[in-house]
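Dear colleague,

I am handing over the structure below, and my notes on what was found in it follow. Please read them with the coordinates open beside you.

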Amino acid sequence: MAGGPAETAVGGSAPALPEGRYGTGRAKTSRRWRRWLFLAIALLVSGVIAWVAYLNLGSAPIDAERIAFSEQPGNAMEITVNVTRDDDNRPGVCVVRVRDKTGAESGRKELLIPAGAKYSRMTTTIKSIGEPVTADVFGCSYDIPRYLSTP
């Protein structure tokens, strides 16, 4: 029968392919090698992403929470914050600020947190360039500017 299916080898179940037409067969080990390489790269990238997320989203070593604020005469506002830190032997600094009715920052102050207790409450007054309506904590750090540290 001309043009029909190719003859199969004796006892074989797969049709015989014409020689030279499809090239040599691929080794299955190369596909496995690619899968393992892809898996290793995916695990490495996932590990790096988890490490960066831990560094950026993990708990801060020093943190402050606003407890209260009250308006003072002369475009000033008093703010009270609770400071929590992991190392009570190190001094820290917290940046507190006031905002006007548009939400823009209208005053800022760096508050030195002396070494001492793990939990401390600090109160300070911040001057504003306009009428302040709220006060909050911008952030805290153990990196104290030279002009704030005591000699």
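Strands, as the word is used here, are DSSP runs of E of at least two residues, numbered from the N terminus. Arg 97 lies in one of them, strand S3. Please keep in mind throughout that this is a predicted model.

**Arg 97 and the salt bridges**

Arg 97 seems a good place to begin. Its relative accessible area is 12%, and because buried means under 20%, Arg 97 counts as buried. When neighbours within four places in sequence are set aside, the residues in contact with Arg 97 are Glu 105, Gly 107, Arg 108, Ile 126, Thr 134, Ala 135, Asp 136 and Phe 138. With one of these, Glu 105, the side chain of Arg 97 makes a polar contact of 3.4 Å, and the two side chains also meet in a salt bridge, with an N to O distance of 3.4 Å. Glu 105, unlike its buried partner, is partly exposed, at a relative accessible area of 35%.

The whole structure holds 4 salt bridges by this search. Glu 105 takes part in another of them with Arg 108, where the closest N and O atoms are 2.9 Å apart; Arg 108 is partly exposed, its relative accessible area being 45%. A further salt bridge brings together the side chains of Asp 136 and Arg 99, at 3.5 Å from N to O. This pair connects distant parts of the chain, since Asp 136 belongs to strand S6 and Arg 99 to strand S3, with their positions 37 residues apart in sequence. Arg 99 is partly exposed, with a relative accessible area of 23%. Through shared partners, the salt bridges join Arg 97, Arg 99, Glu 105, Arg 108 and Asp 136 into one network.

**The disulfide**

Which cysteines are paired in the model, and how far apart are their sulfur atoms? The structure holds 1 disulfide, formed by Cys 94 and Cys 140, whose sulfur atoms lie 2.0 Å apart. Cys 94 sits in strand S3 (residues 92-99) and Cys 140 in strand S6 (residues 134-141), so that this pair, 46 residues apart, links distant parts of the chain. The torsion about the S-S bond is about 105°, and the disulfide is therefore right-handed. As for accessibility, Cys 94 is buried, with a relative accessible area of 1%, whereas Cys 140 counts as partly exposed at 22%.

**The nonpolar core**

The largest nonpolar core has 16 residues, of which Ala 64, Ile 79, Val 81, Val 83, Val 96, Ile 113 and Met 122 touch the most other members. At least two residues of this core come from each of strand S1 (62-72), strand S2 (76-85), S3, strand S4 (105-113), strand S5 (119-127) and S6. The strand that gives the most is S2, with 4 residues.

Met 122 may be worth following in the model, as one of the residues of the core that touch the most other members. Leaving out neighbours within four places in sequence, Met 122 is in contact with Ile 79, Thr 80, Val 81, Val 83, Leu 111, Leu 112, Ile 113 and Pro 114.

With best regards

Terms used: Residues numbered from 1 in each chain as written. Predicted model: local features only at pLDDT ≥ 70, side-chain atom pairs only at ≥ 80, totals over all residues. Heavy atoms only, no water. Disulfide = S-S within 2.5 Å. Buried < 20%, exposed > 50% of the residue type's maximum accessible area, 1.4 Å probe, protein only. Core = buried A, V, L, I, M, F, W, Y, C linked by side-chain atoms within 4.5 Å. Contact = heavy atoms within 4.5 Å. Polar contact = N/O pair within 3.5 Å; in protein donor to acceptor, adjacent residues only side chain to side chain.
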